[in-house]
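Reader: I am in my first year of study and should be grateful for a close look at a single part of this structure. Please take me through that part in one connected account, and explain each term as it arises.

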Amino acid sequence: MTPRDPEDTSPARTGTAPTAPTAPTGTAARASAPAASEASPPSFHEMWRDLAPLGRDPGSGGYRRYAWTAADTDCRAWFRAQAEARGLVHELDRNGNQWAWLGDPLAGDAVVTGSHLDSVPDGGAFDGPLGVVSSFAALDELRRRGARFTRPVAITNFGDEEGARFGLACVGSRLTAGRLTAAKAQELRDGDGVPLPRAMEAAGHDPSAIGPDPERLARIGAFIELHVEQGRALDLSGDPVGIASAIWPHGRWRFDFHGEANHAGTTRLADRRDPMLTYAETVLAARREAELAGALATFGKVSVEPNGVNAIPSLVRGWLDSRAADQSALDTVVAGIESAARAHADRAGIELRVVRESFTPVVEFEHALRDELGKILGQRPGARSAVPVLGTGAGHDAGILSGSIPTAMLFVRNPTGVSHSPAEYAAEDDCVAGILALADVLEGLACT
Ligand code: GLV
Ligand code: MN
Ligand code: MN
């Protein structure tokens, strides 16, 4: 696929920048705007244009912004430049999350907004970056309005949200919230066996202090994450922006199928112990079990040893991602898949090991904050009805942090619902609507 010009803004099936939203125009300026830097900060379009080429694979058009790689470093430099262009205080915390502060970071009761800049393999342009870019744009909008800030505000870029490199999602927020211990994080390795601390060091981050950061969390009064919707609920309801109600419980399980390596051209079918067959039967069972339980189950990653065309594999390793609206459906589907895999493995003389690599329980976003967002957005001039409230099967840093601090999420319409793909998209008008909604929410929470 031919790479596109990052300024080519049509909603085509590549990882291109969204169309440039016209800068949201502020309400009449009020007195005492907070100090902004001299020059006007980069517009939404400029931010998007500068971010668009970073970590994009020219072949697929998708993003490969994996934690602590060169692409990640480039995205972090972009974030820092955005903070500095606005006179915000840039801070890198012990877990590698970035913060851009307006006001005193130590004052407490801060209102924080942001998302992540890393991606899944060949991810889209919007999952994560839309939230970060919109946060800077919303702050610019508030400054244009001359809003008077009564609470500190920060914009964040949480590190390693997707878990594409080390297999565990939301490492930055999990460490901060104490949902991942430093000892466990130190054991994480990428596909080449590089431990997380070495990867951090190689990217210039000191890993010696990683771990819980309760003092930081205690200084945050609310965290709001804006995110592109990863489904079509808003498209179907005809709304540009929605509020999150809950995140489904979800997890990742590694299935190791050990068989016997042998010659593909000389080993009789009856004599084989081929783990690929058991893996294939397990993939089919996953689909069946998910349908029965009304859940989701996906084998999206597989590795094969020795990975030779003319060799029966000795090991097939497949990763199951499973999610469901409630815990009992999730338990049922995963137990059903594991039991089918064991039955097939036993019949074929395959040794099976199943390891749960990560798990996130159901998240119900705090009702008080969610209702406050609904009220703020419902009272806007021209608001035609209540803002839709929707659940999602996708994981987010907001979900991890919700166990420690009040969190809420805003979703921006995705007309196709496609995500984790270069075809992920949100229209220009909807990006603007998201920025203005976020600005209104921040104004309602952090300004007089
Ligand atoms: C993250 O986007 C996830 O839901 O896996
Ligand atoms: Mn994602
Ligand atoms: Mn995301």
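**The two-manganese site**

Author: Asp127 bridges the manganese ion (ligand 3) and the manganese ion (ligand 2), and the distance between these ions is 3.7 Å. The model is a predicted one, in which local features need pLDDT of at least 70 and side-chain atom pairs count only at pLDDT 80 or more, while totals for chains, interfaces and linings use all residues; side-chain values use heavy atoms, without hydrogens and water. Residues are numbered from 1 along each chain as its sequence is written, chains are lettered from A, and ligands are numbered from 1 in the order in which they are written.

Consider the manganese ion (ligand 3). Its protein donors (N, O and S atoms within 2.8 Å of the metal, or 3.2 Å for Na, K and Ca) are His116 through NE2, Asp127 through OD and His227 through NE2, at 2.0 to 2.2 Å. Water is not among the atoms, so sites may look incomplete. Along the sequence, the donor residues of ligand 3 follow the spacing H-x10-D-x99-H. The two histidines link distant parts of the chain: His116 belongs to strand E3 (residues 110–116) and His227 to strand E5 (residues 220–228), 111 residues apart. Here strands (E, at least two residues) and helices (H or I, at least four residues) are DSSP runs, numbered from the N terminus.

Both histidines can also be described by their accessibility. A residue is called buried under 20% relative accessible area, exposed over 50% and partly exposed in between, using a 1.4 Å probe and protein chains only. His116 has a relative accessible area of 0% and is therefore buried; His227, at 0% relative accessibility, likewise counts as buried.

Next comes the manganese ion (ligand 2). This ion is coordinated at 2.0 to 2.7 Å by an OD atom of Asp127, by Glu162, which is listed twice with OE, and by NE2 of His420. The sequence spacing of the donors of ligand 2 is D-x34-E-x257-H. Asp127 and Glu162 again link distant parts of the chain, being 35 residues apart. Asp127 is in the loop between E3 and helix H3 (129–145), whereas Glu162 is in the loop between strand E4 (153–158) and helix H4 (171–176). Asp127 and Glu162 are both buried.

To return to the starting point, Asp127 coordinates both manganese ions, ligand 2 and ligand 3.
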